[in-house]
Structure formats: structure tokens, C-alpha cells
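Me: Please take a close look at one part of this model, the second largest pocket, and describe the helices around it.

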Amino acid sequence: MILIKLMSKRRTWVCLFVSVYTILLSLSWNLLKSVLSWYEFESSASSSSGWPALYASVLLGVSFGVLSMVAALAVAVPATLVTWITVLVLLTFCGKPRKTLVLEGKKLTAEITGFVVRVLIKEGNVVAAVCAVLGYFALVRKNRDSGGLVDFE
């Protein structure tokens, strides 16, 4: 009973939202630092090859693409639930029988979920591609300017 009262408060959801984003940003920052330290090690070992920059930029692009998909999902779920509830209430007011309403609700759930997943994957791929390309050029430029060493701080 206490859990239900606690979860119905807006402050609880805001705190949960902020804590999840804090954890995601912390994990992505640690991943970024580890990828860049790996790139520094590899670029100092073999300065003539551009493969370490390509690998590091792809890893960074994938990680930021996944992070953007999780962030978009956190925003999309409440909006999707509001849309779903609104349509079901409108169908109820139109006089649909309960059996038809359940079938329409199942179809609606499948449609909305499919649409949200397609949009999330498309946006995540765009963010991943942009981050990978920008990361590659930034790493190659930094490698050329500093003579193979990348400064993280």
C-alpha cells in the first residue's frame, strides 16, 4: 500500500528519472574514458594506421546511439501510454462492446509498440552514425595535431 502511494507521487517519478539518467551518464562517461584510453594506447603503438581511430569512433557512435535510444524511450513511454489510454477511452465513448474494445486494445498496443520501436531504432542509428563520423574525424585530427597522443583531461 505504501509503495502504491509512493509511486503515485510525481516527485517519485522525477527522482527515479533523474537517478536513471545519472547512472546512464556515469556509465557512458566511464565507457568514453576507457575507449579513449584504449585509443591512446593503440595509436601510440602504431601511429601509421587509422584503424584504431575507426574502431574507437564506431564504439563511441554505438554507445551514444544506445544512450540516445534509452533517453528517447524514457520520454516515449509516458507519451505512448497517454495516447493509448486516450484512444481506448474514445472507443469506449463511441459505444464499442467490451469484447471488441479488448481486441481493438490489443491491435492498438501492437501498432503503437511497433511504431515506437521503429522510430527509436531509426533515431538511434542516426545518432550513432553522426557520432561515429564526428568521432573519427576528431580522433584523426587530434592524433595528427598532437603527434599520436590524446589528452583526456
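Reply: The overall fold comes first, then the pocket, its helices and an aromatic pair.

This is a predicted model, in which local features need pLDDT of at least 70 and side-chain atom pairs count only at pLDDT 80 or more, while totals for chains, interfaces and linings use all residues. Residues are numbered from 1 along each chain as its sequence is written, and side-chain values use heavy atoms, with hydrogens and water left out.

The protein has four helices and zero strands, in the order α-α-α-α along the sequence. Helices (H or I, at least four residues) and strands (E, at least two) are DSSP runs, numbered from the N terminus. Of the 153 residues, 23% are buried; buried means under 20% relative accessible area, exposed over 50%, and partly exposed in between (1.4 Å probe, protein chains only).

The second largest pocket has a volume of about 180 Å³. On a 1 Å grid over the protein atoms alone, a pocket is an open set of points where a 1.4 Å probe fits, with protein on both sides within 12 Å along at least five of seven lines; lining residues have an atom within 4 Å of a point. Grid points are joined across faces, edges and corners, and the volume is the space filled by probe spheres set on the points. The lining consists of Leu73, Ala76, Val77, Thr80, Leu81, Trp84, Leu108, Thr109, Ile112, Thr113, Val116 and Val117. Helix H3 (51-93) and helix H4 (98-146) are the elements that give two or more residues to this lining. By class, nine lining residues are nonpolar, three are polar and none is charged. Here Ala, Val, Leu, Ile, Met, Phe, Trp, Tyr, Cys and Pro count as nonpolar, Asp, Glu, Lys and Arg as charged, and the others, Gly among them, as polar.

Thr80, in helix H3, is partly exposed at 21% relative accessible area. Its C-alpha atom is 8.2 Å from that of Val116, 36 residues away along the chain. Thr83 also belongs to helix H3 and is partly exposed, at 41%. Between Thr83 and Ile112, 29 residues apart in sequence, the C-alpha separation is 8.9 Å.

H3 has a kink of about 30 degrees at Ala76, shortly before the proline Pro78; the bend is the angle between axes fitted to the seven residues ending there and the seven starting there. The 43 residues of H3 should span 63 Å, and the end C-alpha atoms are 61 Å apart, which agrees. The expected span is 1.5 Å times one less than the number of residues. After H3 comes Gly95, with a positive phi near 95 degrees.

The structure holds one aromatic pair. The ring centres of Tyr136 and Phe137 are 5.6 Å apart with planes at 65 degrees, so the pair is edge-to-face. Rings of Phe, Tyr and Trp (its six-membered ring) pair if their centres lie within 6.5 Å, and planes over 60 degrees apart count as edge-to-face, under 30 as stacked and the rest as tilted. Tyr136 is partly exposed at 26%, whereas Phe137 is exposed at 54%.
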